[in-house]
Amino acid sequence: MDGILNINKSSGPTSFAVVARVRKLTGESKAGHGGTLDPLASGVLPVFLGRATRLAEYLMEYRKTYCARVMLGITTDSYDAEGTVTVVKGASAITRDIIENALDAFRGEISQTPPEYSAIKQNGQPLYKLAREGRQVVVQSRLVTIYRLDLLNFTRPVLELEIECSKGTYIRSLAHALGQALGCGAHMSGLVRTAYGPFDINQAISLDQLEATVADGSWHSVVQPMDSVLSLWPQVVLSDEQVEMACCGGIFTLPPIPANLLCLRAYDSNGIFVAILEYDSVAGAWHPKKVFRG
């Protein structure tokens, strides 16, 4: 089976555990997830099966949308509810207007410092492992983009945010930094990923729903085509000759295409996904980067 399962991960299991259960349920040994969700987080977790695992890397470039719950007045070392409380401070003076004003600083391109308790690696070791061992952790700031940041609700001391962001964004760090800006401290107490590129939570299925479809033999019907991860890309239909050239690693020209396009998804005349094409500016032609036909 070559395709993608849009899994609605529940809070609790790791992303790896979700993939392990998918493997066990479906009998598909070749599987992997796109975009790790922390155990506390829930929501969209695409699981790639078979040859679709070769496309997982392209998911990383898409925007993500989250709904986050932030608890004011309590700071933790992990920036979320699973960490050790480090500071407790009243948030009674915080109003909705104060929060709205503070959020302005977190929109657009911002410099963000990931939490020490994260999967980012230092000298080959995850930071969370080094932190738990009491070893020195060096966390480098990074530039991320917050495309949209909306305050959905505020019932002191809890606020709810909707965030649309770029890859590499830590919502835990955003919650922590917002708490510091408000002067009362904060941590992320809940997180749901509602969209990741072309995958939306409204079309996602739970592991229990997947199990039910396996039991009645219909699970193949919930597997999305492997090229669905590229559905936001421009596409091109190749001639039979070009298909053969692509499958053999050859290069060929295409009708004029906007200069900023460097990659395309290519299909044959029957609508079958053939390859990812990459533009070679030196040769002035296209060549296959990854071939999926055959």
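In which sense do β15 and strand β16 pair, and over how many bridges? Select residues 263-267 for β16 and put β15 beside it: the two pair in the parallel sense over 3 bridges. Two strands count as paired here if DSSP finds at least two bridges between them. Helices (H or I, at least four residues) and strands (E, at least two) are DSSP runs, numbered from the N terminus.

Before going on, some ground rules. This is a predicted model, where local features need pLDDT of at least 70 and side-chain atom pairs count only at pLDDT 80 or more, while totals for chains, interfaces and linings use all residues. Residues are numbered from 1 along each chain as its sequence is written, and side-chain values use heavy atoms, with hydrogens and water left out.

**Stop 1: the open sheet**

Widen the selection to the sheet around β16. Its 4 strands come in the order β15-β16-β17-β18, with mixed pairing. At the edges sit β15 (235-237) and β18 (285-291), each pairing on one side only. From one strand to the next, the twist averages 40°; angles run from 0 to 180 degrees between N-to-C directions, and axes are lines fitted to C-alpha atoms, for helices over the stretch in contact.

Now click Val237, which is found in strand β15. Its bridge partner in β16 is Tyr267. Is Val237 buried or exposed? It counts as exposed, at 52% relative accessibility. The cut-offs are under 20% relative accessible area for buried, over 50% for exposed and partly exposed in between (1.4 Å probe, protein chains only). Leaving aside neighbours within four places in sequence, Val237 is in contact (heavy atoms within 4.5 Å) with Tyr267, Asp268 and Ser269. For a sense of distance, measure across to Thr36: the two C-alpha atoms are separated by 33 Å, and the residues are 201 apart along the chain.

**Stop 2: a hairpin with a cis bond**

Next, select residues 142-155 for β10 and 158-165 for β11: they run antiparallel, joined by 8 bridges. Together β10 and β11 form a hairpin with 2 residues between them. To check the register, pick Arg148, whose bridge partner in β11 is Glu164.

Zoom in on Pro157, in the loop between β10 and β11. A cis peptide bond joins Arg156 and Pro157, with omega at about 10°. Most peptide bonds are trans, and most residues other than glycine have a negative phi.

Add residues 108-112, strand β7, which pairs with β10 in the antiparallel sense over 5 bridges. Gly108 has Ile146 in β10 as its bridge partner.

**Stop 3: Tyr79 and His176**

Which residue has a positive phi of about 70° although it is not a glycine? Select Tyr79. You'll find Tyr79 in the loop between β5 (74-76) and β6 (85-88). Tyr79 is buried, with a relative accessible area of 16%.

From there, go to His176 in helix α5 (residues 171-182). His176 also counts as buried, at 16% relative accessibility. Beyond its neighbours within four places in sequence, His176 is in contact with Thr75, Tyr79 and Ala186.

**Stop 4: Val192**

Show strand β12 (residues 186-196) and pick Val192 in it. Val192 is partly exposed, with a relative accessible area of 27%. Setting aside neighbours within four places in sequence, Val192 is in contact with Ser42, Gly43, Thr65, Tyr66, Cys67 and Ile201. Trp219 is 27 residues away along the chain, and its C-alpha atom is separated from that of Val192 by 25 Å.

**Stop 5: two helices side by side**

Select α1 (residues 15-26) and α6 (residues 207-215), which pack at an angle of about 10° with their axes 10 Å apart. That makes α1 and α6 roughly parallel to each other. Angles under 35 degrees count as roughly parallel, over 145 as roughly antiparallel, 65 to 115 as roughly perpendicular and the rest as oblique.

Turn on side chains: Val18, Arg21, Val22, Leu25 and Thr26 in α1 meet Leu207, Asp208, Leu210, Glu211 and Val214 in α6. These contact residues divide into 6 nonpolar, 1 polar and 3 charged. Here Ala, Val, Leu, Ile, Met, Phe, Trp, Tyr, Cys and Pro count as nonpolar, Asp, Glu, Lys and Arg as charged, and the others, Gly among them, as polar.

**Last stop: zoom out**

Display the whole protein chain, with its 7 helices and 18 strands. Its C-alpha atoms fill a box of roughly 70 × 50 × 40 Å along the principal axes. Of its 294 residues, 45% count as buried.
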